[in-house]
Amino acid sequence: MKSCILCQSSESKTVFNENGTPILECKSCGHVYSSYEQEEHYEGYWDGAEQTYDLKWWDDAHRAVYSDFISTYLKSEKGNLLDVGCGLGFFVKAVLTKKTGWSAVGYEISKQAVKFANEQNGMKTVYAGLVQDSKLPKESFDIITLWDVIEHIPKPHSLLTYLHGLLKPGGILFLQTPNFPIQLAKANLKVKLKGMQEGVHYLEAKDHVNNYKMYTLANLGKQCGFTDPKYKVLMPILSVSGSKSKLAVYLKLAYYYFTKLIFAVSFGKINWNNTLFLTLKKP
């Protein structure tokens, strides 16, 4: 990552250094990216010879946010949904279970994750491979979702442009990703309290290669042909990574309600939530 993906400027400043990997902010447009050069289609996120999956996290803890999404965005009785980077298939399962009039298809680059989705999760509409190679019919989906995907992709323009072609006119692209300004504040606090340590989650510099703010994520969508960016604050994942404390979950919920109130009274201008939830429209 030698230059900014939004404006191509190579002028940047370091805003965080994670165990020797600088995270950079573009001096021209403000986009933030890691200096780590990740491969474009990294397959190792779900894979491993002895890989096991924390289903308390990937299933139970995600049910609230998936339900919130479904009640917020899937108001019609029927439609077609595509989930890109669908992992173990739990979101596809939630849609098919709660909205029986909807079809839901998932694509995931990890064959091991898709095997779990097919064999253990019973999801027959989850497929392995790049969605760009899927040969899905053009203008066939009402909504396309990317949950915790966009931050992992070094050069996302080609993917989003391809997905633009899969949406029906008036269709919606949904992007969910960490809210960088809030994540940076948390990372700096961790450094002050614990110092810089190996194995501690800061900003995932070798995993989250692009880091988004509200306006930079919206700008990415606009550059790929989308319009009408709209943010919402949805329920959080009801678990805290690395902790089994119920108190930590209650604190996370309290913070969610606080940020939702701030977002509402500021008419969507102030977003202190941990996560960005953005919809973009295909004209």
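Reader: In this chain, how many Å apart are the mean positions of the positive and negative charges?

Author: The model is a predicted one, and its charges were counted with Lys and Arg as positive and Asp and Glu as negative. The chain holds 33 positive and 26 negative charges. Between the mean positions of these two groups, the separation is 7 Å.

Reader: What radius of gyration does the chain have, and why does it agree with a compact globule?

Author: The C-alpha trace spans about 50 × 45 × 45 Å along its principal axes. For 283 residues, a compact globule would be expected to have a radius of gyration near 19 Å, and the value for the chain agrees with this because it is 18 Å.

Reader: What percentage of the residues is buried?

Author: A residue is taken as buried when its relative accessible area is under 20%. The accessible surface of the whole chain comes to about 14000 Å², and carbon and sulfur atoms account for 55% of that surface. Of the 283 residues in the chain, the buried share is 50%.

Reader: Which strands are the edge strands of the open sheet?

Author: The chain has eight helices and eleven strands, and four of the strands form an open sheet with antiparallel pairing, in the order E1-E2-E3-E9. An edge strand pairs on one side only, which applies to strand E1 (12-18) and strand E9 (210-211).

Reader: Which residue in E2 is the bridge partner of Lys13?

Author: E1 pairs with strand E2, residues 21-26, in the antiparallel sense, and six bridges join them. Within this sheet, the partner that Lys13 finds in E2 is Glu25.

Key
Residues numbered from 1 in each chain as written. Predicted model: local features only at pLDDT ≥ 70, side-chain atom pairs only at ≥ 80, totals over all residues. Heavy atoms only, no water. Helix = DSSP H or I, 4+ residues; strand = E, 2+ residues; numbered from the N terminus. Rg over C-alpha atoms; globule rule 2.2 N^0.38 Å. Buried < 20%, exposed > 50% of the residue type's maximum accessible area, 1.4 Å probe, protein only. Areas by Shrake-Rupley, 256 points an atom, 1.4 Å probe, with all protein chains shown as cover. Charge placed at Lys NZ, Arg CZ, Asp CG, Glu CD. Pairing = 2+ DSSP bridges.
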